[in-house]
Amino acid sequence: MAWFRKLTQTQVSALKKQHHHHHINHPFSLLSYLSHSHYTTEAPPTQYAGLGPTRPEEKPRVVVLGTGWAGCRFMKGIDTNIYDVVCVSPRNHMVFTPLLASTCVGTLEFRSVAEPIGRIQPAISREPGSYFFLSNCTAIDIDNHMVHCQTVTDGVDTLDPWKFKISYDKLVIALGAQPSTFGIHGVEEHATFLREVYHAQEIRRKLLLNLMLSDMPGISEEEKRRLLHCVVVGGGPTGVEFSGELSDFITKDVHERYSHVKDYIRVTLIEANDILSSFDDRLRQYATKQLTKSGVQLVRGIVKDVKSQKLILNDGTEVPYGLLVWSTGVGPSSLVNSLTIPKSPGGRIGVDEWLRVPSVQDVFSIGDCSGFLESTGKPTLPALAQVAERQGKYLAILLNKIGEAGGGHANSSNGMELGQPFVYRHLGSMATIGRYKALVDLRQNKDSKGLSLAGFTSWFIWRSAYLTRVISWRNRFYVAINWLTTMVFGRDISRI
């Protein structure tokens, strides 16, 4: 194998010379480090230069922070003949969040709700100037058109994370939001959120573990009841849908396969006000009735403290739990809070009618992390997938137009005619409540009139609508097969 070692060493030497000549580390310079590390004991570098500014003869570079609904819809629509696309995110996939609750109990497989970024925008996998970086954005240098990033490495047994910088011509901030805990003690430590695939995996493992432990000899009656008490905090669509999926799982699968403990398992949904507050009153009453009928206990209260095995309400009531799912809304992330730019009400990044951050050049913001500035006279839009998706689509069209007009490079789009501003029209809301029942509210807002449906017909509409909204045909096929398999054979209860 002497020829192979000689070839590898020659390639490493060539890459080192290329790095020295350009003074900028190409993203693939990581390959030189990984290859070189087999032949030397030198410590790995702690910082990489990253991507420098684009030259006038090169395609302008648009940097996208985030792989949520907004960022992915933007990347899908951006013209890669005009721009190079660089995406920075700690996950390499988009999560189809409306179906995430179904994965917790085995109705759907996890891969059915995860769409790889390379399928959404193939250019990042094959074009020489477009990349995906598995990293967190740690800071934004607006004056120098640069973002600071740090790689994501899984745990202590892998490479130490390192930092690098990316220069941008256009920056699209689509960082989403983080779950709101309202400063309540113990939530971060003891509760599980439901926003990512790994959250759903954690809920599933914990739920099945508690079911199996409760069937073991030596477990007291009190401990068995605690282990099998699933508590959901938050009566929005996510909390209600998870409660409905859980009640379905209990009545159809737990009663059949865990007959020794079927009388102990129960679900409690805690909400400070009314559940599904954005829905029509009639639909809300219907949901309350159906959830109660399926065994979900609805409790009105505010959580004051969360401990490892119980939570305490503001009236002093103690609620023991084996599984605690927290779904009380979202708020700005720490990076968004750290940015010294004008904010909209609620602490989001302030944008104008064209989704630009008006106080800086070439920066746009979309999705849950952004909101209209008060000066625009527009209300802050709700943190919904359809809002983020619509903003991503609009901004891709806008930047394509700017690029075609020669304004793609940094500081080159001043005074350009941008066309029609972004206008959001609500298409309605849907939520499943289990037992082949769902709610469909097609009103544009809470005070307007419109069609609202409940029951089996709504459930059929809910499934049909979301099946068509799943990003790729591959995942549509997965979802359809999963639904059919679950209907015929029941849910998979393997703890993997």
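Okay, before the first helix pair, one definition: when I say axis, I mean a line fitted to the C-alpha atoms of a helix over the stretch in contact, and the angle between two axes runs from 0 to 180 degrees, taken between N-to-C directions. Also, keep in mind that this is a predicted model.

So, first up, α3 and α13. Helix α3 covers residues 69-77 and helix α13 covers residues 385-404; their axes come within 7 Å and cross at roughly 35°. The crossing of α3 past α13 is right-handed. Who touches whom? On the α3 side you've got W69, A70, R73, F74 and G77, and across from them in α13 there's a list that includes A385, A388, E389, G392 and K393. Sort the residues of that contact by class and you get eight nonpolar, three polar and three charged.

Now let's move along the chain to α14 and α15. Here the axes come within 8 Å, and they cross at roughly 145°. α14 also goes past α15 in a right-handed crossing. From α14, R463, L467 and T468 make the contact, meeting R476, V479, A480, W483 and M487 of α15. That contact has five nonpolar residues, one polar and two charged.

Last thing: what's on the surface around here? There's a nonpolar patch made of Y436, F456, F460, F477, I481, L484, M487, V488 and F489, and together they have about 990 Å² of accessible area. Both α14 (456-469) and α15 (473-489) put in at least two residues each, but the largest share, six residues, is from α15. I481, for one, sits in helix α15. And M487 is a name you've heard already: it's in the patch, and it's also one of the α15 residues that meet α14.

Methods
Residues are numbered from 1 along each chain as its sequence is written. This is a predicted model: local features need pLDDT of at least 70, side-chain atom pairs count only at pLDDT 80 or more; totals for chains, interfaces and linings use all residues. Side-chain values use heavy atoms; hydrogens and water are left out. Helices (H or I, at least four residues) and strands (E, at least two) are DSSP runs, numbered from the N terminus. A crossing is left-handed if the near helix is turned anticlockwise from the far one by less than a right angle, and right-handed if clockwise. Contact means heavy atoms within 4.5 Å. Ala, Val, Leu, Ile, Met, Phe, Trp, Tyr, Cys and Pro count as nonpolar, Asp, Glu, Lys and Arg as charged, and the others, Gly among them, as polar. Patches are made of residues with over 30% relative accessible area and no salt bridge: like charges are joined within 9 Å, nonpolar side chains (Val, Leu, Ile, Met, Phe, Trp, Tyr) within 5 Å. Accessible areas come from the Shrake-Rupley method with a 1.4 Å probe; for residues, only the protein chains shown count as cover. A salt bridge is a side-chain nitrogen of Lys or Arg within 4 Å of a carboxyl oxygen of Asp or Glu.
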